[in-house]
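Please look through the sequence and the model below before reading on. The report that follows takes up the nonpolar cores and then the salt bridges.

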Amino acid sequence: MSQPMTPAAVHKQYDEAMTAFRRQIADPAARVAFGREADGFLRECACGVWQTDQGMSPLHVEYYNAIYSKGNPVPTALYWELAATVDGYQGFVLPNFFRRLVKADLEQGRSQSRRFVDTFTLMLLLFAAVDGKVSEAEAGFVNACADSLSAYCDTAGVGGGKSGLDVREFVAKRRDGKPVKTGKPEDEAVSPAPAMAEPPKQEEAPAEPEPSLDELLAELEGLCGLDKVKEDVKGLINLVKVRKLRKEAGLPVPPMSLHLVFMGNPGTGKTTVARLLAKIYHAVGVLSKGQLVEVDRSGLVAGFVGQTALKTQEAVDKALGGVLFIDEAYALANQDNANDFGREAIEVLLKGMEDHRDDLIVIVAGYTDLMGDFIHANPGLESRFNKYFYFEDYDGGQLAEIFRSVCKKNGYALDEETDKAAAEAFQVMYERRDENFGNARDVRNVFEAAVARQANRVAAMEAPQKEDLMALTVVDLDLEDDDKKENSEKAEG
């Protein structure tokens with residue numbers, strides 16, 4: 001059996017192939033649909049390939065998490081999640097973006113959908129070779145999927161014929177010349193699957209430079225509110241810089257924990273700041289990668305003895321070189337149940353923090369009162385988490401500013417009357433906040449509800465103009481209805 005490609009190499013080859021193909025799509029709508037949907041479709045098909053050739057390994061998880069194109073979300077599946085997804089694969093479904101490709105081909109007299117079949121086939125063979133070979137069963141699955149795509153092109157009348165790519169050439173052979181079906185021992189395979197031929201390279205986009213420290217600090221400074229947090233982050237950066245200078249000068253550097261506790265209510269920007277901090281730590285040389293891996297109790301704790309340790313270790317391994325962000329971390333410390341598996345997760349976390357002290361930062365986050373209980377639940381937590389960032393609730397003016405920012409980012413405009421009405425409403429929201437107050441999350445809910453009302457209003461217009469499509473009005477905010485509803489509730493009370 002040949003050595004399988006590294007996940008990094010798989011991601012590079014996948015990203016290059018998909019990026020090159022996306023650039024060739026002439027139709028804008030088809031290009032956007034491809035960029036948005038293709039990664040998810042290829043991941044689904046990878047699960048189909050792996051379902052045909054029984055047996056999962058941690059390398060399958062790394063391959064799965066490598067299937068993404070530049071600019072799209074990075075998958076963060078854990079072993080148990082992927083195993084369940086592979087086991088539950090329901091079969092090949094023609095993707096919507098491919099229908100758009102075919103439609104565009106028919107309108108423009110092109111055959112890009114035919115070329116996608118080749119790219120698709122090579123990618124699936126790449127995923128099949130996770131164990132260093134392509135079995136007969138895997139090749140059969142890849143062929144069936146490619147045939148489905150080709151058949152759709154045939155039915156629609158797209159020019160060109162079926163791909164000349166012969167999947168059988170990639171199937172591993174045994175010593176007797178017969179194809180390896182599934183699960184054969186390594187010593188039987190003498191003609192492993194050849195390395196995947198890279199699709200013809202188009203001109204490569206220049207590598208996107210990593211943001212500088214100044215750019216990251218400017219992004220932090222651009223966040224609404226969070227004045228104390230910004231000050232704390234800058235102090236932390238200065239501390240790291242000076243420690244680095246002392247080390248370079250041969251001076252003693254006392255031990256220091258960079259793990260953090262984020263305390264505050266939901267929607268106050270904790271995850272956003274954690275993501276920025278991961279990049280900042282990377283920019284100043286503390287972390288080798290700077291990625292953020294976000295989990296909660298469900299991402300660390302399993303329901304059976306022994307599984308929690310494995311699940312938590314997977315999360316730690318995935319976060320190496322970056323930040324492991326544990327939201328609602330207090331849920332791991334169940335004071336009412338001494339046998340709760342959350343305690344096992346904490347022990348694995350502590351060991352991971354000790355073993356990888358030079359290339360792993362853990363940030364735990366949650367409500368202020370509950371986080372104190374969590375830190376005191378284990379002496380090891382108290383010694384490692386000694387830096388606390390407090391995220392205050394956004395006030396009315398900051399909520400209004402966040403609302404304006406969300407509107408602008410999504411292409412909506414507020415006139416003076418609507419802006420004033422929104423600001424007043426958010427001030428009332430802040431003054432009446434209770435334990436369920438969601439801060440920026442509540443702002444997002446207000447925005448989404450306003451957009452839905454605006455859509456109903458604009459849809460009733462005979463010929464809406466661009467300005468109509470962009471405008472959010474007082475009517476869309478529906479503030480009067482909210483006041484009436486509140487007064488009615490008070491009257492009933």
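## Contacts around Leu 124

In this report, two residues are said to be in contact when heavy atoms of theirs lie within 4.5 Å. The structure shown is a predicted model, and every statement below should be read with that in mind. Leaving aside residues up to four places away in sequence, Leu 124 touches Leu 42, Cys 45 and Val 49, and Leu 124 also touches Phe 141, Val 142 and Cys 145.

## The nonpolar cores

The largest nonpolar core is made of 54 residues, and those with the most contacts inside it are Leu 42, Trp 50, Phe 98, Phe 116, Leu 124 and Phe 127. Two or more residues of this core come from each of helix 1 (7–24), helix 2 (28–52), helix 3 (58–64), helix 4 (79–87), helix 5 (96–108), helix 6 (112–128) and helix 7 (136–156). Helix 2 gives the largest share of the core, with 11 residues.

A second core, separate from this one, has 46 residues, among them Phe 262, Leu 277, Ala 450 and Val 451.

## Salt bridges within short stretches of sequence

The structure contains 14 salt bridges. One of them joins Asp 131 to Lys 133, with the closest N and O atoms 3.4 Å apart. Asp 131 is partly exposed, its relative accessible area being 22%, whereas Lys 133 has a relative accessibility of 5% and counts as buried, because buried means under 20% relative accessible area.

Another salt bridge brings together the side chains of Arg 404 and Glu 401, at 3.1 Å from N to O. Both residues belong to helix 15 (residues 396–409), and because they are three residues apart there, about one helical turn separates them. Arg 404 is partly exposed at a relative accessible area of 29%, and Glu 401 is likewise partly exposed, with a value of 41%.

## A salt bridge between separate parts, and a network

Which parts of the structure does the pair of Asp 478 and Arg 453 tie together? Asp 478 and Arg 453 form a salt bridge whose closest N and O atoms are 3.5 Å apart. Asp 478 lies in the loop between helix 19 (474–477) and helix 20 (479–492), while Arg 453 lies in helix 17 (residues 440–459), so the pair ties together parts that are 25 residues apart in sequence. Asp 478 counts as buried at 18% relative accessibility, but Arg 453 is partly exposed, with a relative accessible area of 29%.

Finally, Glu 354, Arg 357 and Arg 384 are joined into one network by salt bridges that share partners.

Terms used:
Residues numbered from 1 in each chain as written. Predicted model: local features only at pLDDT ≥ 70, side-chain atom pairs only at ≥ 80, totals over all residues. Heavy atoms only, no water. Core = buried A, V, L, I, M, F, W, Y, C linked by side-chain atoms within 4.5 Å. Buried < 20%, exposed > 50% of the residue type's maximum accessible area, 1.4 Å probe, protein only. Helix = DSSP H or I, 4+ residues; strand = E, 2+ residues; numbered from the N terminus. Salt bridge = Lys/Arg side-chain N within 4 Å of Asp/Glu carboxyl O.
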